[in-house]
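Hi everyone, thanks for making time this morning. I'd like to walk you through one structure, so please have a look at it while I talk.

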Amino acid sequence: MPTPEIRRRAAAAIRKQAGQWAAFVLTALLMGLPAQAGERSYSALAAIQTASTDGVLIQSPGEGLNRSIVLPYSKSTVVELPANVMDVIVSNPAIVEAVVHTSRRTVLIGKAAGQTNVYFYGHDGQELLNIDIRVERDINGLTELVRRHAPLAEIEVQSINNNLMLTGRVPNAETALKVERIAKMWQGTDAGEGEIVNLLSVEGKDQVMLKVRIVEMQRSVVKQMGFNLSAIGQLGESTVSLINNLGVNSGAGLTASGAFTNTGGGDLRSLSGALTALERVGLIRTLAEPTLVAISGETATFLAGGEFPVLGGVFTDQNGQLQRSFEFKSFGVSLGFTPVVLSEGLISLNISTEVSEPTTENSFETGGEGGDILGLRVRRADTVVELPAGGSLVIAGMIREEARNAYDGTPGLKDVPGLGALFRNRDSQTVQTELVVIVTPYLVDPTHPDKLQTPLEGFVPANDRDQLLLGRLNTVYGDRATPDTLSGPFGHVVD
């Protein structure tokens, strides 16, 4: 009959054999499960083990008992193994931290966005498990926010490293902008800086035509008056001359003169005087009606004017020759706008309009190297508004008024009451300018080219007979129909 010691050793052997058999069965079951292979940059590597004659074994990534998981950032997962673990090796501890809880339980914690893998080895050096881990941000909260605030949109949110990619379809640009703002707010800065790639497709119309009317009125009034006096007298044995030249140097206006010569003797020999008066009234009107078309989110610009050269610099080339460089400044009526279609019929506009012209008011000389450098008189308006399609907005109130008054005269004499008016010159100038901008956006679709016309449609040059006898530049067609024979509206429509 076996002793208690023999029975104890036999029972331990049976338990050890049963444990090894259970571990073998569990390992076989795990190896029979389908592996979720993730994206790897080493796909071109060999997928087999390479053994050399000297007994060296090189294992490629992904061999053995392999698993692929996606671990949310700042969250953890638990790995339970069927055998005791001796070594846990993490390829990049900055991305995943492994905390061994028991001999068979390990906790993996995602620390940063990226990719790495973790190896588990037993006491005999055998590889128990190889896990490919991709740490990404948990987008479940963001997906729920997007569904709540954009229920009519079909949006898919993907997390790639620390970046977010938005794909799908939205009914209008306002929804796309709302979703992008929600993603920026949700992303935060806990996991580091990341980008948001917006690949959303807008189903609604996104082509905007902007019709603009720019009207500027400039009125100027100039008033000038001056006197020219000349007198010659005898003071004792000396001759005294008085000259007061304060007239207006202009060929227009009123000019009156008179002269007196003393032939009968006396101290006053001659006296002459001239009166010059000028009043000038000017009126300048600027009218531009540009029409621009741009896709939602893009910028369109317009310029009706020109460019003038400005001396940029003077330098000496390698041959010792003096060279000049020039820059060109634009002037005229310019317009730039960026539309964003918020919803069907609602458009957000970023408008920048400018009216400019060269002037000598702020010009300066360059010492003869390049002549005078002109200045620019600019009226500019920048604004961001929301308008319905077909609605208009007026940008007004840009009024400029400038008044200049100057008096020139003979010191002392010009201040004498009454008589001092003959010894001074008055120069008065007043300029008033007002700029009005009217903008109207429309949602438009492309049309067939046969429905479009140009200013050349219907133009036929006149023949030699019409040019010589009638002085015409184009052919005029006559309509022999009379109002009695026409059944519908007829005539010309003038807007």
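Let me begin with a single residue, Thr 433, which counts as buried because its relative accessibility is 5%, and the cut-off for buried is under 20%. Before going further, please keep in mind that this is a predicted model. Where does Thr 433 sit? Its place is in strand E23, which covers residues 424-443. And which residues is Thr 433 in contact with, once we leave aside its neighbours within four places in sequence? There are Glu 216, Met 217 and Gln 218, then Arg 379, and finally Met 398, Ile 399 and Arg 400.

Now let's step back to the whole chain. The protein chain has 495 residues, and 27% of them count as buried. Its secondary structure consists of four helices and 23 strands. If we take contacts between residues at least 6 apart in sequence, 63% of them join residues at least 24 apart. As for the surface, the accessible area comes to about 32700 Å², with 53% of that belonging to carbon and sulfur atoms.

On to the sheets. One is an open sheet of four strands, in the order E3-E9-E8-E5, and its pairing is mixed. Its edge strands are E3, residues 66-72, and E5, residues 87-90, each of which pairs on one side only. From one strand to the next, the twist averages 20°. Inside that sheet, have a look at E8, residues 114-121, and E9, residues 127-136: they pair in the antiparallel sense over eight bridges. Tyr 121 has Glu 127 in E9 as its bridge partner.

Another open sheet has three strands, ordered E4-E7-E6, with antiparallel pairing. Here E4 (76-80) and E6 (96-100) stand at the edges with a single partner strand each, so one side of each is left without a neighbour in the sheet. Ignoring direction, neighbouring strands of this sheet are turned by 25° against each other on average. E4 pairs with E7, residues 105-110, in the antiparallel sense over five bridges, and Ser 76 stands opposite Ile 109 in E7.

Next, a hairpin that I rather like. Strand E10, residues 154-160, pairs with strand E11, residues 163-170, in the antiparallel sense over seven bridges. Two residues lie between E10 and E11, and Asn 161 in the turn has a positive phi of about 55°. Which residues make up the covered face of E10? They are Ile 155, Val 157 and Ser 159, while Glu 154, Glu 156, Gln 158 and Ile 160 make up the uncovered one. That fits the general pattern: in a regular strand, side chains alternate between the two faces of the sheet. From the covered face, Val 157 has Leu 166 in E11 as its bridge partner.

Last stop, a pair of helices. H2 (residues 140-149) and H3 (residues 173-187) pack at an angle of about 150°, and their axes are 10 Å apart. Angles over 145 degrees count as roughly antiparallel, and H2 and H3 are therefore roughly antiparallel to each other. Their crossing is right-handed. And which residues meet there? From H2 we have Gly 141, Leu 142, Leu 145, Val 146 and His 149, and from H3 they meet Lys 178, Val 179, Ile 182, Ala 183 and Trp 186.

That's my tour, thanks for listening!

Definitions and conventions: Residues numbered from 1 in each chain as written. Predicted model: local features only at pLDDT ≥ 70, side-chain atom pairs only at ≥ 80, totals over all residues. Heavy atoms only, no water. Buried < 20%, exposed > 50% of the residue type's maximum accessible area, 1.4 Å probe, protein only. Contact = heavy atoms within 4.5 Å. Areas by Shrake-Rupley, 256 points an atom, 1.4 Å probe, with all protein chains shown as cover. Pairing = 2+ DSSP bridges. Axes fitted to C-alpha atoms, helices over the stretch in contact; angles between N-to-C directions. Parallel < 35°, antiparallel > 145°, perpendicular 65-115°, else oblique. Left-handed = near helix turned anticlockwise from the far one by under 90°.
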